[in-house]
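Here is a quick tour of one protein model, written for someone who likes cut-offs spelled out. Take a look at the structure first, then read on.

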Amino acid sequence: MAELFRELEKYRDMDYYPFHMPGHKRRREASDGALSESYALDITEIDGFDNLHQAQGILLEEQERTAKWYGSARSYYLVNGSTCGILSAVFAVTKRGNRILIGRNCHKAVYHAVYLRELDAVYLQPEILTGGDGWNFGIAGRIAPETVEKALRENPDCAAVLITSPTYEGVVSDVARIACIVHSYGIPLIVDEAHGAHFGFHEAYPPGSVHLGADLVIHSVHKTLPAMTQSALLHWNGNPVQNVNRGKEGADGPGQNLADRRNVERYLRTFQTSSPSYVLMASVSRCMEIMQREGRERLDRLLEYRQVFMQRIKDCRYVKIFGKEEDGYTAGWYDPCKLVIGIADGRMTGRELYDVLLGKYHLQMEMATESYVLAIVTVMDTKEGWGRLADALLEIDKGLDKTEGECLGESRQIKGGCDFWSRSGLQIPESVMTIAEAYEAPWETAALADSAGRTAAEFINLYPPGIPWAVPGERLTEEMVKALLDCDRLRLNIQGVENGMVKVIKV
(Lines give C-alpha, C1' and ligand atoms only; values in the text may rest on other atoms or scores of the structure.)
Protein backbone atom coordinates (compact mmCIF):
# COMPACT_ATOMS: atom_id res chain seq x y z
CA MET A 1 0.00 0.00 0.00
CA ALA A 2 0.88 3.72 -0.09
CA GLU A 3 2.56 3.25 -3.47
CA LEU A 4 0.84 6.39 -4.72
CA PHE A 5 2.27 8.47 -1.89
CA ARG A 6 5.77 7.13 -2.48
CA GLU A 7 5.52 7.71 -6.22
CA LEU A 8 4.44 11.31 -5.62
CA GLU A 9 7.42 11.83 -3.32
CA LYS A 10 9.75 10.33 -5.92
CA TYR A 11 8.31 12.48 -8.70
CA ARG A 12 8.60 15.61 -6.53
CA ASP A 13 12.38 15.15 -6.36
CA MET A 14 12.84 14.58 -10.11
CA ASP A 15 13.66 17.26 -12.70
CA TYR A 16 10.44 17.10 -14.75
CA TYR A 17 9.20 20.64 -15.45
CA PRO A 18 5.38 21.03 -15.35
CA PHE A 19 3.90 22.73 -18.42
CA HIS A 20 0.49 21.58 -17.20
CA MET A 21 -2.02 22.21 -14.40
CA PRO A 22 -2.16 23.05 -11.53
CA GLY A 23 -1.13 26.68 -11.73
CA HIS A 24 1.09 26.64 -8.65
CA LYS A 25 3.53 24.48 -10.67
CA ARG A 26 4.42 22.47 -7.55
CA ARG A 27 6.47 25.40 -6.27
CA ARG A 28 6.64 25.60 -2.49
CA GLU A 29 6.65 29.41 -2.49
CA ALA A 30 3.02 29.27 -3.64
CA SER A 31 2.23 28.83 0.05
CA ASP A 32 3.82 29.08 3.48
CA GLY A 33 4.76 26.62 6.17
CA ALA A 34 3.56 23.06 6.24
CA LEU A 35 1.02 23.62 3.46
CA SER A 36 3.85 24.22 1.00
CA GLU A 37 4.83 20.55 1.26
CA SER A 38 1.40 19.56 -0.06
CA TYR A 39 1.83 21.87 -3.04
CA ALA A 40 4.99 20.00 -3.98
CA LEU A 41 2.96 16.75 -4.23
CA ASP A 42 -0.10 18.22 -5.96
CA ILE A 43 -0.29 17.08 -9.58
CA THR A 44 -2.88 16.35 -12.23
CA GLU A 45 -3.36 13.26 -14.43
CA ILE A 46 0.09 13.20 -15.97
CA ASP A 47 1.99 10.26 -17.49
CA GLY A 48 2.60 7.48 -15.01
CA PHE A 49 -0.07 8.53 -12.53
CA ASP A 50 -3.22 7.02 -14.05
CA ASN A 51 -6.71 8.57 -14.25
CA LEU A 52 -9.27 8.06 -11.48
CA HIS A 53 -12.16 8.00 -13.96
CA GLN A 54 -10.61 5.20 -16.02
CA ALA A 55 -8.07 3.66 -13.68
CA GLN A 56 -5.71 1.20 -15.37
CA GLY A 57 -2.42 1.71 -13.54
CA ILE A 58 -1.34 2.81 -10.08
CA LEU A 59 -4.81 4.02 -9.01
CA LEU A 60 -6.39 0.74 -10.13
CA GLU A 61 -3.79 -1.17 -8.11
CA GLU A 62 -4.42 0.98 -5.02
CA GLN A 63 -8.19 0.49 -5.27
CA GLU A 64 -7.81 -3.26 -5.78
CA ARG A 65 -5.68 -3.51 -2.64
CA THR A 66 -8.31 -1.54 -0.74
CA ALA A 67 -11.08 -3.83 -2.02
CA LYS A 68 -9.11 -6.88 -0.89
CA TRP A 69 -8.63 -5.37 2.54
CA TYR A 70 -12.35 -4.61 2.97
CA GLY A 71 -13.52 -7.77 1.22
CA SER A 72 -15.52 -6.01 -1.51
CA ALA A 73 -15.68 -6.89 -5.19
CA ARG A 74 -14.61 -3.35 -6.13
CA SER A 75 -13.58 -0.26 -4.15
CA TYR A 76 -13.46 3.27 -5.50
CA TYR A 77 -11.51 6.24 -4.18
CA LEU A 78 -13.65 9.32 -3.56
CA VAL A 79 -12.28 12.84 -3.30
CA ASN A 80 -15.66 14.60 -3.02
CA GLY A 81 -16.44 12.93 0.30
CA SER A 82 -19.11 10.38 1.08
CA THR A 83 -21.63 12.75 -0.49
CA CYS A 84 -20.61 11.85 -4.04
CA GLY A 85 -20.62 8.15 -3.07
CA ILE A 86 -24.18 8.42 -1.78
CA LEU A 87 -25.35 10.32 -4.85
CA SER A 88 -23.69 7.81 -7.18
CA ALA A 89 -25.08 4.81 -5.31
CA VAL A 90 -28.66 6.10 -5.31
CA PHE A 91 -28.59 7.10 -8.97
CA ALA A 92 -27.03 3.77 -9.96
CA VAL A 93 -29.89 1.67 -8.59
CA THR A 94 -32.92 3.88 -9.29
CA LYS A 95 -34.66 5.50 -12.21
CA ARG A 96 -36.26 8.92 -12.22
CA GLY A 97 -39.51 8.90 -10.27
CA ASN A 98 -38.91 5.56 -8.51
CA ARG A 99 -39.87 4.97 -4.91
CA ILE A 100 -37.05 4.43 -2.40
CA LEU A 101 -37.09 3.28 1.22
CA ILE A 102 -34.71 5.30 3.41
CA GLY A 103 -34.01 5.75 7.11
CA ARG A 104 -35.53 8.99 8.38
CA ASN A 105 -32.23 9.61 10.19
CA CYS A 106 -30.19 9.63 6.97
CA HIS A 107 -27.72 12.40 6.20
CA LYS A 108 -28.90 15.31 4.07
CA ALA A 109 -26.87 13.96 1.11
CA VAL A 110 -29.39 11.10 0.86
CA TYR A 111 -32.23 13.61 0.68
CA HIS A 112 -30.35 15.55 -1.98
CA ALA A 113 -30.13 12.35 -4.02
CA VAL A 114 -33.88 11.86 -3.59
CA TYR A 115 -34.44 15.43 -4.80
CA LEU A 116 -32.10 15.27 -7.80
CA ARG A 117 -33.46 11.88 -8.91
CA GLU A 118 -37.04 13.06 -8.26
CA LEU A 119 -37.70 9.99 -6.12
CA ASP A 120 -40.67 9.31 -3.86
CA ALA A 121 -39.19 8.65 -0.42
CA VAL A 122 -40.77 6.26 2.09
CA TYR A 123 -39.24 6.55 5.54
CA LEU A 124 -38.00 3.97 8.03
CA GLN A 125 -38.27 5.17 11.62
CA PRO A 126 -35.41 4.29 13.99
CA GLU A 127 -35.87 3.48 17.65
CA ILE A 128 -35.61 6.16 20.32
CA LEU A 129 -32.81 5.48 22.79
CA THR A 130 -32.37 6.86 26.28
CA GLY A 131 -29.78 5.00 28.35
CA GLY A 132 -29.56 2.31 30.97
CA ASP A 133 -29.83 4.73 33.89
CA GLY A 134 -32.94 6.38 32.47
CA TRP A 135 -31.19 9.57 31.36
CA ASN A 136 -32.85 10.65 28.13
CA PHE A 137 -30.22 11.34 25.49
CA GLY A 138 -32.87 11.39 22.75
CA ILE A 139 -30.73 9.45 20.27
CA ALA A 140 -32.02 7.83 17.10
CA GLY A 141 -31.30 4.12 17.38
CA ARG A 142 -31.26 1.12 15.05
CA ILE A 143 -33.49 0.46 12.10
CA ALA A 144 -35.20 -2.81 13.08
CA PRO A 145 -35.32 -5.57 10.43
CA GLU A 146 -39.03 -5.96 11.18
CA THR A 147 -39.54 -2.29 10.31
CA VAL A 148 -37.88 -2.87 6.93
CA GLU A 149 -39.94 -6.00 6.27
CA LYS A 150 -43.21 -4.21 7.09
CA ALA A 151 -42.33 -1.21 4.92
CA LEU A 152 -41.46 -3.42 1.95
CA ARG A 153 -44.70 -5.37 2.29
CA GLU A 154 -46.59 -2.08 2.20
CA ASN A 155 -44.43 -0.62 -0.59
CA PRO A 156 -43.42 -3.57 -2.82
CA ASP A 157 -42.56 -1.22 -5.69
CA CYS A 158 -39.52 0.28 -3.93
CA ALA A 159 -36.41 0.27 -6.13
CA ALA A 160 -33.88 0.20 -3.27
CA VAL A 161 -33.37 0.52 0.48
CA LEU A 162 -30.85 2.87 2.11
CA ILE A 163 -29.99 2.96 5.81
CA THR A 164 -27.34 4.66 7.94
CA SER A 165 -25.28 2.33 10.12
CA PRO A 166 -23.59 3.34 12.33
CA THR A 167 -25.54 6.47 13.18
CA TYR A 168 -23.77 9.72 13.94
CA GLU A 169 -23.83 8.70 17.60
CA GLY A 170 -22.50 5.17 16.89
CA VAL A 171 -25.57 2.93 16.97
CA VAL A 172 -25.39 -0.05 14.59
CA SER A 173 -28.29 -1.82 12.85
CA ASP A 174 -28.56 -5.53 12.06
CA VAL A 175 -27.34 -5.12 8.50
CA ALA A 176 -27.08 -8.87 7.84
CA ARG A 177 -30.79 -9.50 8.55
CA ILE A 178 -31.84 -6.34 6.74
CA ALA A 179 -29.79 -7.31 3.66
CA CYS A 180 -31.43 -10.74 3.59
CA ILE A 181 -34.91 -9.20 3.77
CA VAL A 182 -34.16 -6.56 1.15
CA HIS A 183 -32.67 -9.13 -1.24
CA SER A 184 -35.74 -11.30 -0.88
CA TYR A 185 -37.63 -8.47 -2.57
CA GLY A 186 -35.15 -8.43 -5.44
CA ILE A 187 -33.74 -4.97 -4.70
CA PRO A 188 -30.36 -3.69 -3.49
CA LEU A 189 -29.35 -2.43 -0.06
CA ILE A 190 -27.19 0.68 0.25
CA VAL A 191 -25.52 1.32 3.61
CA ASP A 192 -24.19 4.74 4.48
CA GLU A 193 -21.39 3.50 6.73
CA ALA A 194 -19.55 6.81 6.59
CA HIS A 195 -18.66 6.64 10.29
CA GLY A 196 -17.69 2.95 10.18
CA ALA A 197 -14.61 2.79 7.96
CA HIS A 198 -12.84 1.04 10.86
CA PHE A 199 -15.47 -1.70 11.19
CA GLY A 200 -14.65 -5.34 10.55
CA PHE A 201 -10.99 -5.34 11.53
CA HIS A 202 -11.27 -6.16 15.24
CA GLU A 203 -13.74 -8.45 17.01
CA ALA A 204 -14.49 -5.84 19.68
CA TYR A 205 -15.85 -3.50 17.01
CA PRO A 206 -18.97 -4.04 14.88
CA PRO A 207 -18.59 -6.03 11.64
CA GLY A 208 -18.52 -4.08 8.38
CA SER A 209 -21.54 -3.94 6.08
CA VAL A 210 -19.50 -5.23 3.13
CA HIS A 211 -19.17 -8.57 4.92
CA LEU A 212 -22.81 -8.49 6.01
CA GLY A 213 -24.25 -8.48 2.50
CA ALA A 214 -24.93 -4.84 1.61
CA ASP A 215 -24.68 -4.20 -2.12
CA LEU A 216 -23.16 -0.71 -1.94
CA VAL A 217 -21.31 0.66 1.10
CA ILE A 218 -19.96 4.18 1.57
CA HIS A 219 -17.09 5.01 3.95
CA SER A 220 -15.73 8.40 5.00
CA VAL A 221 -12.19 7.32 5.75
CA HIS A 222 -11.43 10.78 7.13
CA LYS A 223 -14.01 10.49 9.94
CA THR A 224 -12.54 7.68 12.04
CA LEU A 225 -9.33 6.75 10.20
CA PRO A 226 -6.12 8.74 9.59
CA ALA A 227 -6.97 10.26 6.19
CA MET A 228 -7.47 13.84 5.05
CA THR A 229 -10.83 15.58 5.12
CA GLN A 230 -12.97 14.90 2.03
CA SER A 231 -11.47 11.47 1.34
CA ALA A 232 -13.88 8.53 1.17
CA LEU A 233 -14.56 5.12 -0.39
CA LEU A 234 -17.44 3.49 -2.24
CA HIS A 235 -17.55 -0.32 -2.17
CA TRP A 236 -19.43 -2.38 -4.74
CA ASN A 237 -20.11 -5.77 -3.23
CA GLY A 238 -21.29 -7.55 -6.38
CA ASN A 239 -24.00 -9.53 -4.59
CA PRO A 240 -25.61 -11.80 -7.19
CA VAL A 241 -29.27 -12.67 -6.62
CA GLN A 242 -31.26 -15.18 -8.65
CA ASN A 243 -34.76 -16.71 -8.43
CA VAL A 244 -35.98 -13.98 -6.12
CA ASN A 245 -38.83 -15.16 -3.91
CA ARG A 246 -40.64 -12.07 -2.67
CA GLY A 247 -41.31 -11.93 1.04
CA LYS A 248 -38.95 -14.77 1.97
CA GLU A 249 -35.38 -14.55 3.20
CA GLY A 250 -32.40 -16.41 1.83
CA ALA A 251 -32.74 -15.71 -1.90
CA ASP A 252 -29.02 -15.17 -2.45
CA GLY A 253 -27.36 -17.22 -5.16
CA PRO A 254 -25.58 -16.94 -8.50
CA GLY A 255 -27.25 -14.60 -10.94
CA GLN A 256 -27.61 -10.94 -11.83
CA ASN A 257 -26.10 -8.28 -9.55
CA LEU A 258 -28.68 -6.03 -7.97
CA ALA A 259 -26.40 -3.00 -8.35
CA ASP A 260 -25.01 -2.61 -11.87
CA ARG A 261 -21.29 -1.80 -11.59
CA ARG A 262 -21.29 0.07 -14.89
CA ASN A 263 -24.01 2.36 -13.57
CA VAL A 264 -22.03 2.95 -10.39
CA GLU A 265 -18.95 3.95 -12.36
CA ARG A 266 -21.00 6.12 -14.73
CA TYR A 267 -22.40 8.17 -11.88
CA LEU A 268 -19.05 8.36 -10.10
CA ARG A 269 -17.76 10.03 -13.25
CA THR A 270 -20.75 12.37 -13.05
CA PHE A 271 -20.55 13.37 -9.39
CA GLN A 272 -16.78 13.24 -8.83
CA THR A 273 -14.58 16.12 -9.89
CA SER A 274 -12.77 15.67 -13.19
CA SER A 275 -9.65 17.00 -11.45
CA PRO A 276 -9.23 14.66 -8.47
CA SER A 277 -6.69 15.65 -5.84
CA TYR A 278 -3.68 13.35 -5.79
CA VAL A 279 -2.86 14.64 -2.31
CA LEU A 280 -6.23 13.38 -1.06
CA MET A 281 -5.88 10.06 -2.87
CA ALA A 282 -2.38 9.64 -1.46
CA SER A 283 -3.76 10.23 2.03
CA VAL A 284 -6.23 7.37 1.50
CA SER A 285 -3.39 5.17 0.26
CA ARG A 286 -1.26 6.03 3.28
CA CYS A 287 -4.22 5.53 5.62
CA MET A 288 -4.82 2.03 4.25
CA GLU A 289 -1.15 1.18 4.79
CA ILE A 290 -1.22 2.35 8.41
CA MET A 291 -4.36 0.35 9.18
CA GLN A 292 -3.11 -2.77 7.44
CA ARG A 293 0.20 -2.65 9.29
CA GLU A 294 -0.81 -1.19 12.67
CA GLY A 295 -4.62 -1.21 12.68
CA ARG A 296 -5.23 -3.99 15.16
CA GLU A 297 -2.69 -2.65 17.61
CA ARG A 298 -4.14 0.84 17.37
CA LEU A 299 -7.72 -0.39 17.75
CA ASP A 300 -6.62 -2.35 20.84
CA ARG A 301 -5.05 0.80 22.28
CA LEU A 302 -8.24 2.80 21.66
CA LEU A 303 -10.23 0.27 23.68
CA GLU A 304 -7.69 0.39 26.50
CA TYR A 305 -7.83 4.20 26.62
CA ARG A 306 -11.64 4.10 26.65
CA GLN A 307 -11.70 1.55 29.48
CA VAL A 308 -9.35 3.69 31.60
CA PHE A 309 -11.46 6.77 30.82
CA MET A 310 -14.71 5.06 31.83
CA GLN A 311 -13.12 3.78 35.05
CA ARG A 312 -11.94 7.28 35.96
CA ILE A 313 -15.37 8.90 35.55
CA LYS A 314 -17.48 6.00 36.90
CA ASP A 315 -18.27 7.83 40.16
CA CYS A 316 -19.51 11.01 38.46
CA ARG A 317 -22.97 11.91 39.76
CA TYR A 318 -24.22 13.90 36.78
CA VAL A 319 -21.95 13.17 33.82
CA LYS A 320 -23.53 10.37 31.78
CA ILE A 321 -21.98 8.44 28.89
CA PHE A 322 -24.27 6.62 26.46
CA GLY A 323 -23.18 3.17 25.35
CA LYS A 324 -22.34 1.60 28.69
CA GLU A 325 -22.96 -2.14 28.96
CA GLU A 326 -26.28 -1.66 30.72
CA ASP A 327 -27.54 0.27 27.70
CA GLY A 328 -27.37 -2.95 25.68
CA TYR A 329 -25.43 -1.36 22.82
CA THR A 330 -22.02 -2.97 23.12
CA ALA A 331 -20.54 -6.17 21.64
CA GLY A 332 -21.22 -5.32 18.01
CA TRP A 333 -24.16 -2.94 18.39
CA TYR A 334 -22.35 0.22 19.41
CA ASP A 335 -19.20 1.89 18.09
CA PRO A 336 -16.52 2.48 20.75
CA CYS A 337 -15.27 5.42 18.69
CA LYS A 338 -18.22 7.56 19.82
CA LEU A 339 -18.59 9.24 23.20
CA VAL A 340 -22.06 10.68 23.75
CA ILE A 341 -21.82 12.77 26.92
CA GLY A 342 -24.78 14.28 28.73
CA ILE A 343 -25.46 15.96 32.07
CA ALA A 344 -28.30 14.55 34.17
CA ASP A 345 -31.12 16.45 35.88
CA GLY A 346 -30.94 19.31 33.40
CA ARG A 347 -28.00 20.83 35.26
CA MET A 348 -26.36 21.63 31.92
CA THR A 349 -27.60 21.54 28.39
CA GLY A 350 -25.50 19.96 25.68
CA ARG A 351 -24.69 23.41 24.36
CA GLU A 352 -23.54 24.63 27.76
CA LEU A 353 -21.34 21.58 28.23
CA TYR A 354 -19.90 22.11 24.75
CA ASP A 355 -19.09 25.75 25.53
CA VAL A 356 -17.44 24.93 28.88
CA LEU A 357 -15.32 22.15 27.39
CA LEU A 358 -14.19 24.47 24.60
CA GLY A 359 -13.79 27.74 26.49
CA LYS A 360 -12.31 26.54 29.78
CA TYR A 361 -10.59 23.28 28.84
CA HIS A 362 -9.80 23.86 25.14
CA LEU A 363 -11.46 20.57 24.18
CA GLN A 364 -13.24 20.83 20.83
CA MET A 365 -16.21 18.47 20.61
CA GLU A 366 -17.68 17.22 17.33
CA MET A 367 -21.17 18.58 17.97
CA ALA A 368 -23.69 19.71 20.56
CA THR A 369 -27.41 19.00 20.84
CA GLU A 370 -29.88 20.13 23.46
CA SER A 371 -29.06 17.16 25.73
CA TYR A 372 -25.53 15.97 24.93
CA VAL A 373 -22.21 16.57 23.23
CA LEU A 374 -20.54 14.11 20.89
CA ALA A 375 -16.83 13.35 20.96
CA ILE A 376 -15.29 11.25 18.19
CA VAL A 377 -12.24 9.22 19.19
CA THR A 378 -10.05 7.36 16.73
CA VAL A 379 -6.94 5.21 16.45
CA MET A 380 -4.89 8.42 16.42
CA ASP A 381 -6.08 9.78 19.80
CA THR A 382 -3.48 10.02 22.53
CA LYS A 383 -3.42 8.98 26.17
CA GLU A 384 -2.99 12.67 27.02
CA GLY A 385 -6.12 13.62 25.08
CA TRP A 386 -8.24 10.99 26.84
CA GLY A 387 -6.81 12.12 30.18
CA ARG A 388 -7.63 15.78 29.57
CA LEU A 389 -11.24 14.92 28.77
CA ALA A 390 -11.57 12.79 31.91
CA ASP A 391 -10.03 15.55 34.06
CA ALA A 392 -12.42 18.12 32.62
CA LEU A 393 -15.53 16.00 33.14
CA LEU A 394 -14.53 15.16 36.73
CA GLU A 395 -14.10 18.85 37.52
CA ILE A 396 -17.37 19.79 35.80
CA ASP A 397 -19.24 17.04 37.65
CA LYS A 398 -17.89 18.22 40.99
CA GLY A 399 -18.95 21.79 40.23
CA LEU A 400 -22.50 20.67 39.51
CA ASP A 401 -23.00 19.26 42.98
CA LYS A 402 -25.29 22.12 43.97
CA THR A 403 -28.87 22.53 45.03
CA GLU A 404 -31.49 22.34 42.33
CA GLY A 405 -32.09 26.10 42.46
CA GLU A 406 -28.43 26.78 41.63
CA CYS A 407 -28.40 24.56 38.53
CA LEU A 408 -26.88 26.14 35.45
CA GLY A 409 -28.93 24.29 32.85
CA GLU A 410 -31.45 26.26 30.80
CA SER A 411 -33.17 23.03 29.72
CA ARG A 412 -34.96 22.77 33.11
CA GLN A 413 -37.02 25.78 31.98
CA ILE A 414 -38.13 23.96 28.81
CA LYS A 415 -40.95 21.56 29.51
CA GLY A 416 -40.08 18.11 28.20
CA GLY A 417 -36.71 19.24 26.89
CA CYS A 418 -36.37 20.33 23.28
CA ASP A 419 -35.48 17.06 21.64
CA PHE A 420 -38.14 16.96 18.94
CA TRP A 421 -37.82 13.25 18.15
CA SER A 422 -38.33 12.20 21.76
CA ARG A 423 -41.24 14.55 22.31
CA SER A 424 -43.03 13.63 19.10
CA GLY A 425 -42.40 9.90 19.37
CA LEU A 426 -40.59 10.08 16.04
CA GLN A 427 -43.80 10.90 14.18
CA ILE A 428 -42.92 11.93 10.64
CA PRO A 429 -44.78 15.07 9.51
CA GLU A 430 -47.45 14.82 6.85
CA SER A 431 -46.02 14.92 3.32
CA VAL A 432 -47.94 17.29 1.07
CA MET A 433 -45.67 16.93 -1.98
CA THR A 434 -42.33 15.39 -2.96
CA ILE A 435 -39.04 17.16 -2.34
CA ALA A 436 -38.64 17.89 -6.06
CA GLU A 437 -42.18 19.32 -6.28
CA ALA A 438 -41.57 21.49 -3.22
CA TYR A 439 -38.32 22.85 -4.62
CA GLU A 440 -40.07 23.84 -7.83
CA ALA A 441 -43.08 25.45 -6.09
CA PRO A 442 -43.29 29.20 -5.35
CA TRP A 443 -42.21 30.02 -1.79
CA GLU A 444 -42.23 32.84 0.72
CA THR A 445 -40.78 33.48 4.16
CA ALA A 446 -42.75 33.25 7.37
CA ALA A 447 -41.90 33.77 11.03
CA LEU A 448 -40.97 30.42 12.56
CA ALA A 449 -43.26 31.14 15.52
CA ASP A 450 -46.24 31.46 13.12
CA SER A 451 -45.32 28.65 10.70
CA ALA A 452 -47.30 25.71 12.18
CA GLY A 453 -49.56 24.26 9.50
CA ARG A 454 -47.46 25.68 6.64
CA THR A 455 -45.56 23.47 4.19
CA ALA A 456 -41.75 23.57 4.39
CA ALA A 457 -39.97 24.78 1.26
CA GLU A 458 -36.48 24.01 2.59
CA PHE A 459 -34.80 21.44 4.83
CA ILE A 460 -34.79 22.27 8.53
CA ASN A 461 -32.22 20.48 10.64
CA LEU A 462 -29.63 20.80 13.36
CA TYR A 463 -26.09 20.76 11.96
CA PRO A 464 -24.22 18.67 12.64
CA PRO A 465 -25.37 15.99 11.95
CA GLY A 466 -27.63 17.30 9.18
CA ILE A 467 -30.56 14.93 9.77
CA PRO A 468 -33.74 16.80 8.78
CA TRP A 469 -36.55 17.49 11.18
CA ALA A 470 -38.59 18.82 8.28
CA VAL A 471 -38.18 17.95 4.61
CA PRO A 472 -39.37 20.22 1.77
CA GLY A 473 -42.98 19.33 1.08
CA GLU A 474 -43.81 18.37 4.69
CA ARG A 475 -46.29 20.23 6.87
CA LEU A 476 -44.77 21.90 9.92
CA THR A 477 -46.45 20.90 13.19
CA GLU A 478 -46.94 22.93 16.35
CA GLU A 479 -44.73 20.49 18.26
CA MET A 480 -41.94 20.88 15.70
CA VAL A 481 -42.16 24.68 15.75
CA LYS A 482 -42.03 24.75 19.54
CA ALA A 483 -39.03 22.39 19.56
CA LEU A 484 -37.20 24.55 17.01
CA LEU A 485 -37.88 27.71 19.03
CA ASP A 486 -36.50 25.94 22.10
CA CYS A 487 -33.41 24.87 20.16
CA ASP A 488 -32.91 28.46 19.02
CA ARG A 489 -33.14 29.54 22.65
CA LEU A 490 -30.37 27.09 23.50
CA ARG A 491 -28.17 28.54 20.72
CA LEU A 492 -28.04 25.33 18.71
CA ASN A 493 -27.03 25.52 15.06
CA ILE A 494 -30.28 25.28 13.09
CA GLN A 495 -30.09 25.19 9.31
CA GLY A 496 -33.20 26.33 7.45
CA VAL A 497 -34.05 29.00 10.03
CA GLU A 498 -32.56 32.45 9.49
CA ASN A 499 -33.26 35.39 11.77
CA GLY A 500 -36.36 33.65 13.05
CA MET A 501 -37.77 33.12 9.54
CA VAL A 502 -38.37 29.93 7.51
CA LYS A 503 -39.14 29.27 3.86
CA VAL A 504 -42.64 27.89 3.25
CA ILE A 505 -44.69 27.08 0.17
CA LYS A 506 -46.62 30.12 -1.01
CA VAL A 507 -50.37 29.93 -0.54
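Contact here means heavy atoms within 4.5 Å. Helices (H or I, at least four residues) and strands (E, at least two) are DSSP runs, numbered from the N terminus. This is a predicted model, where local features need pLDDT of at least 70, side-chain atom pairs count only at pLDDT 80 or more, and totals for chains, interfaces and linings use all residues. Residues are numbered from 1 along each chain as its sequence is written, and side-chain values use heavy atoms, with hydrogens and water left out.

**Overall picture**

The protein has 15 helices and 21 strands. Of its 507 residues, 56% count as buried; buried means under 20% relative accessible area, exposed means over 50%, and partly exposed is in between (1.4 Å probe, protein chains only). Among contacts with a separation of 6 or more, 71% are between residues 24 or more positions apart.

**A helix pair**

How do α1 and α3 sit relative to each other? The axes of α1 (residues 3-12) and α3 (residues 58-70) come within 9 Å and cross at roughly 150°, so the two helices are roughly antiparallel. Axes are lines fitted to C-alpha atoms, for helices over the stretch in contact, and angles run from 0 to 180 degrees between N-to-C directions. Angles under 35 degrees count as roughly parallel, over 145 as roughly antiparallel, 65 to 115 as roughly perpendicular, and the rest as oblique. On the α1 side, E3, L4 and E7 meet I58, L59, E62 and R65 of α3. By class, that contact has three nonpolar, no polar and four charged residues. (Ala, Val, Leu, Ile, Met, Phe, Trp, Tyr, Cys and Pro count as nonpolar, Asp, Glu, Lys and Arg as charged, and the others, Gly among them, as polar.)

**Covered helices**

α4 (81-93) is mostly covered, with 12 of its 13 residues buried. In α11 (residues 350-359), the buried ones are G350, R351, E352, L353, Y354 and L357. Those buried residues pack against β13 (338-343), β14 (367-368), β15 and α12.

**Backbone oddities**

Most residues other than glycine have a negative phi, and most peptide bonds are trans. Here are some exceptions.

| Site | Feature | Value | Place |
|---|---|---|---|
| M21 to P22 | cis peptide bond | omega about 0° | P22: loop between α1 and α2 |
| S165 to P166 | cis peptide bond | omega near 5° | P166: loop between β6 (158-164) and α7 (175-184) |
| K25 | positive phi | about 60° | loop between α1 and α2 |
| H362 | positive phi | near 55° | loop between α11 and β14 |

K25 counts as partly exposed at 27% relative accessibility, while H362 is exposed, with a relative accessible area of 62%.

**Two buried residues**

S36 lies in α2 (residues 35-41) and counts as buried at 9% relative accessibility. Leaving aside neighbours within four places in sequence, S36 is in contact with R28 and S31. T378 lies in the loop between β15 (372-376) and α12 (383-399), and its 16% relative accessibility makes it buried too. With neighbours within four places in sequence again left aside, T378 is in contact with K223, T224 and L302.
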